[in-house]
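Student: Please choose one part of this structure and take me through it closely, working outward from that part to whatever surrounds it.

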Amino acid sequence: MNPNRSESQLEIQPEPEKPESALGLNKVDKELDQTDDSSLELGLEYLYRLQDENGNFNLKIDKENNIIVEIQGRNGESFQINDLLPEGIKVKQQISGFLNSRYDDENRCVVISIERLDKEKWQFLLTILHEIGHSNIANDNRVENEELTSLGAKAGIFTAAEMPLEEYKRFIHLLSKNEREAWALSIKYFRKLTKQLDIDARSIFRNKKEFLEYYRKRLATYKNGVGFHLSFWYNKNETEVRDVLQEIPNLFLNDFDEEPTGSI
Ligand SMILES: [Zn+2]
């Protein structure tokens, strides 16, 4: 995938043809590990600590600058979020450039912004899980991932002009599919974790509306981005382009919330 992909950039995307149940959710079904502070004896240092009525949300860092994301709920149980990652994928800290968190397929890592974590607190868990969702989706479907990456590179701001409309449409479809699937995975992980660790999801998102707004706002960034690109690079008076422009909101925002949102 585009090594520079971030939530504010255009890159990828397609169409929901897989049911959510097929989105590689097995990882979250594994038994949650019981961990304790013995990790500190393994050369890990705290990079960030959040402690409140919900429990602990900690980032630890090892000597290779790999981050361990650990949450501990009200029942005292802990879980290392890294266990949800495909084999070999690391978590790194965003230190320069885009402040957005992202999945970097080329460098095999999920990059997270501690600044954002500090701002969003527990809500940021959903973003971390979203990026982890991307890593699993990319891992489970390398062919589509490659296609999305190459179309994403082509759809860059200086090269989109040379992109046939059909290709740009394919890109939009793959990108919206990818983003929606990653959020769907994130939400499932989130529900599972908050339940198992006895974290009060309603103290993180006050209600369903706030919960939906969190990821819809981020999906809307993509919706607006591709819409802008399309209007900019193609003649928006052409019927075909108008049709695509009309379809974009549905692709990005017609999401998966018919399913029960659990406790939120
Ligand atoms: Zn994303």
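Tutor: In strand E7, the side chains of Cys109 and Val111 point one way while those of Val110 and Ile112 point the other way, and all four residues are buried (20 or more other C-beta atoms within 10 Å of the residue's own; exposed means 12 or fewer and partly exposed lies in between, with C-beta atoms placed from the backbone). This is a predicted model, in which local features need pLDDT of at least 70 and side-chain atom pairs count only at pLDDT 80 or more, whereas totals for chains, interfaces and linings use all residues. Residues are numbered from 1 along each chain as its sequence is written.

E7 covers residues 109–112, and strands and helices here are DSSP runs of at least two (E) and at least four (H or I) residues, numbered from the N terminus. Three strands make up the open sheet around E7, in the order E5-E7-E6 and with mixed pairing, where pairing requires at least two DSSP bridges between two strands. E5 and E6 are the edge strands, each pairing on one side only. From one strand to the next the twist averages 30°.

On one side, E5 pairs with E7 in the parallel sense over 4 bridges. Two of the partnerships can be named: Lys90 has Cys109 as its bridge partner in E7, and Lys92 stands opposite Val111 in E7. Lys92 lies in strand E5, which runs over residues 90–93, and Lys92 is partly exposed because 17 other C-beta atoms lie within 10 Å. Setting aside residues up to four places away in sequence, Lys92 touches Asn65, Asn66, Ile67, Cys109 and Val111, contact meaning that C-beta atoms placed from the backbone lie within 7 Å. Lys92 and Tyr103 are 11 residues apart in sequence, and their C-alpha atoms are 9.9 Å apart.

On the other side, E7 pairs with strand E6 (residues 102–104) in the antiparallel sense over 3 bridges, and here Arg102 has Val111 as its bridge partner in E7. Val111 is therefore placed opposite Lys92 and is also the bridge partner of Arg102, in the parallel and antiparallel pairings respectively; in general, strands of a sheet pair through backbone hydrogen bonds, either parallel or antiparallel. In the hairpin of E6 and E7, with 4 residues between the strands, Arg108 takes a positive phi near 55°.

We can now follow the strand into the interior. Val110, together with Leu125 and Ile128, is among the residues with the most contacts inside the largest nonpolar core, a set of 57 residues (buried Ala, Val, Leu, Ile, Met, Phe, Trp, Tyr and Cys residues joined through C-beta atoms within 7 Å). Leaving aside neighbours within four places in sequence, Ile128 is in contact with Val69, Ile81, Ser101 and Ile112, and Ile112 brings us back to E7. The elements that give two or more residues to this core include E7, E2, E3, helix H3 (124–140), helix H5 (165–196) and H7, with H5 giving the most, 13 residues.

E2 and E3 belong to a second arrangement of strands. An open sheet of 4 strands has the order E1-E2-E3-E4 with antiparallel pairing, and the edge strands, each pairing on one side only, are E1 (45–52) and E4 (78–80). The twist in this sheet averages 15° from one strand to the next. E2 (residues 55–61) and E3 (residues 67–72) pair in the antiparallel sense over 6 bridges, and Lys60 stands opposite Ile68 in E3.

H5 and H7 carry the picture further. Their axes, lines fitted to C-alpha atoms over the stretch in contact, come within 11 Å and cross at roughly 175°. That makes H5 roughly antiparallel to H7, angles between N-to-C directions running from 0 to 180 degrees and those over 145 counting as roughly antiparallel. Tyr168, Ile172, Leu175, Glu179 and Trp183 in H5 meet Tyr215, Leu219, Tyr222, Val226 and Leu230 in H7.

Notes: Two residues are in contact if their C-beta atoms, placed from the backbone, lie within 7 Å. Angles under 35 degrees count as roughly parallel, over 145 as roughly antiparallel, 65 to 115 as roughly perpendicular and the rest as oblique.
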